[in-house]
Amino acid sequence: MTARDHRRGKWLVLTMLVGTLLLWTTTAPAVMPAVGSLAPDFTLRSNTGKNLKLSEYRGQVVMINFWATWCGPCRQEMPLLNRIHEKYSKSGFKLLGINVDDNTGNAQAMAAKLGVTFPVLFDSEKRVSRLYDVDGMPSTVLIDRSGKVRYIHRGYRPGYEIQYEAQVRELLKQ
Amino acid sequence: MFSFLLLPGGASAVVLPEDRTDTMIHYYDGGGVTVSGPALLVRKSASDTVSVSGRYYVDTISSASIDVVTTASPYKDKREEFGVGIDYLHGNSLMGVTVTTSKENDYLADSFGLNLSHDLFDGLTTVNMGYSQGQDQVQRTHTTFEADVNRYSYRLGVSQVLTRSLLFGVNYEGIAEEGYLKNPYRAARLLGGTIPENYPGTHDSQAISVRAIKGFSSDSRPASSSLRAEFRYFRDNWNINSDTLLLAYQRYFSDRVLGEVHYRYYTQNAASFYSDNFTTLMAYRARDKELSTFHSHSVGAKVTWNFVKQKFLFFDRMSLNFAHDYVFFDYQDFTDVRTGQPYSFGANVLQLYVSAWY
Amino acid sequence: MTSARTTIVLACATLLLGACSGVKSYEREMLSDPIMSFSRDPVSDQYLDHVYDVREGARGATTTQGGGCGCN
């Protein structure tokens, strides 16, 4: 290899590295609805047999949880969310599980297996996921009685359910 | 901030490796050599961020290979290998350390490796770096002969999710070896007579591979089949250049049964100091067929039966797997001295293993 | 070009593609399946790699991390 080849090679590598860094830093990340803004409204088919519309729950505290059967932390979190649902549903709290599986049958089977009693909405076309610009699975959005987004949680680590419960109680008092 | 998407399939996204145990029986039979034994791999997470693994592997060798049969007498040997590893997940990075030791009655090998995987772009890109170092001790049975080999290897790779059904990866591995690199038992040929082999004191190599997996869905399954292609280019300072091509097709036949077929093609040219029969005395000389000009074709199939799919005792999932590969080696410049023809042989490689997740 | 430089170029090309990749977190269903993994069963892949490593001149850059053998 000649000295010229070495120089060319070095410039090529340098250009690619710089180009990569530039693209990396300027690519716009997905942005979920801003805290304080009105939660985007949607209607989805659910496992209750009816179509459920978010704005129908205005006046209640709503938690939306985006989940999928293929997402481990989602499956881990569901029974804990179910406990929160059963504890506070009579106090004006509504938990809506939005499933993003391509196959809704799989979603129903998994929900039944996990013993979920809150409604499971089917977003197999990813319409609502795109509307909320979901950037992690699971994603949990807490909406207050006036329909505004108050808390967003991305992912699940053991212990998050304690935060969820504290925030639900806080929003229920308002 | 942290890896929140657990992908058990392992596509990009840095997460702690899955908890699993694999128990295998392997069997190789070809070219007069039979090698068989167990392999055991156990992995368990100690916490949310730490995973520990252990490995045990045995090769029980019955060798009447062409080298052995034409220059010595058939022998039996046993190689045992133990390894332990620890992986630590911190944010979007996974760091791992492994230590391995291997022992047979005339060869000892110890090595340790470091590995770092890091997520970029929301888990769609994973960068991987690795370093390992090994020390071998080569002996010759019934003598007090002892010599060392030092080995250093560097790995760099990137794996990328291109579309929701297409993955791509590129990997590089550089290996530098120095020391006693030859086999103390093998001899070369000089004008038909035997002469001891002599290898260079260093062996530096570079390999680069590209691979891609394309997934296909069906009405009932989001992932019903996949096609994988892999190409590796290798070259070293012994003048060996080789190409490896691998094609694999996997498909679900039902909820519980998964089948795979694959084809592998390998070709290499001989090392600069290799000759089937030297005509003059060279400083470096080898007659190891591994360093000759040859190519090989492998065809194989594997069946996986997920016989446990929900909680059973403390297992979440269990599968029974059987794989059979047939490999045909075709040498161009290595002669079977028993026949005077270029040597070739076919080998059967069998694997039977149970995998359990918990 | 050396193998190392080729890898860096390919790696950067991959990263560039990655910056443009529009796969969302809720679209990763297929990718989570074991058949979309480069190494579904490490114990099996390590074994086959070992079978070939011992009989061929080439080594390295496979889906599994090289082990300690180096047996002649």
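How many helices and how many strands does chain B have? Chain B has one helix and 18 strands. Before we go further, please keep in mind that the model you are looking at is predicted.

Let us stay with chain B for a moment. Its radius of gyration is 22 Å, close to the 21 Å that the globule rule gives for 358 residues, so chain B is as compact as a globular protein of that length. If you follow the C-alpha trace along its principal axes, chain B spans about 65 × 40 × 40 Å. Of the 358 residues in chain B, 40% are buried. Among the contacts in chain B with a separation of 6 or more, 54% come from residues 24 or more positions apart.

A single residue can serve as a stopping point here. Y180(B) sits in the loop between β9 (166–179) and β10 (187–190) of chain B. Is Y180(B) buried or partly exposed? Y180(B) has 17 C-beta neighbours inside 10 Å, and because a buried residue needs 20 or more while an exposed one has 12 or fewer, Y180(B) counts as partly exposed. Leaving aside residues up to four places away in sequence, Y180(B) touches V138(B), A147(B), D148(B) and V149(B). You can also look across to P200(B), which is 20 residues from Y180(B) in sequence and 8.5 Å from it in space, C-alpha to C-alpha.

Next comes chain C, with its two helices and zero strands. Chain C has 72 residues, and 68% of them count as buried. Where does chain C meet chain B? Here 48 residues of chain C are in contact with 86 residues of chain B. On the side of chain C that touches chain B, the elements giving two or more residues are α1 (3–20) and α2 (42–55) of chain C. The largest share, 11 residues, comes from α1(C). Sorted by class, this side of chain C holds 21 nonpolar, 19 polar and eight charged residues.

Now turn to chain A and find strand β6, residues 139–143. This strand is mostly covered, with five of its five residues buried. The cover lies on both faces: S139(A), V141(A) and I143(A) are buried on one side, and T140(A) and L142(A) on the other. β6(A) also has partners. Strand β3 (residues 61–67) of chain A runs antiparallel to β6(A) and is joined to it by five bridges, with N65(A) standing opposite T140(A). Strand β7 (residues 149–154) of chain A is likewise antiparallel to β6(A) and joined to it by five bridges, and in this pairing S139(A) stands opposite R154(A). The hairpin of β6(A) and β7(A) has five residues between the strands, and there G147(A) takes a positive phi near 90°.

Our last stop is helix α5 of chain A, residues 160–173. The helix has 14 residues and reaches 20 Å from its first C-alpha to its last, close to the 20 Å expected at 1.5 Å a residue. Which residues of α5(A) are buried? They are Y164(A), V168(A) and L171(A). Seen down the axis of α5(A), these buried residues fall within an arc of 70°, so they line one face of the helix. An α-helix has 3.6 residues a turn, so residues three or four places apart point the same way. The face of α5(A) turned away from the buried side carries the exposed residues I162(A), A166(A) and K173(A). As for what covers the buried residues of α5(A), the list includes β3, α2 (72–88), β4 (93–99), β6 and β7 of chain A, which brings us back to the strands we have just visited.

Note on methods:
Residues numbered from 1 in each chain as written. Chains lettered and ligands numbered in written order. Predicted model: local features only at pLDDT ≥ 70, side-chain atom pairs only at ≥ 80, totals over all residues. Contact = placed C-beta atoms within 7 Å. Helix = DSSP H or I, 4+ residues; strand = E, 2+ residues; numbered from the N terminus. Nonpolar A, V, L, I, M, F, W, Y, C, P; charged D, E, K, R; others polar. Pairing = 2+ DSSP bridges. Rg over C-alpha atoms; globule rule 2.2 N^0.38 Å. Expected span 1.5 Å × (residues − 1). Arc of directions from axis to C-beta.
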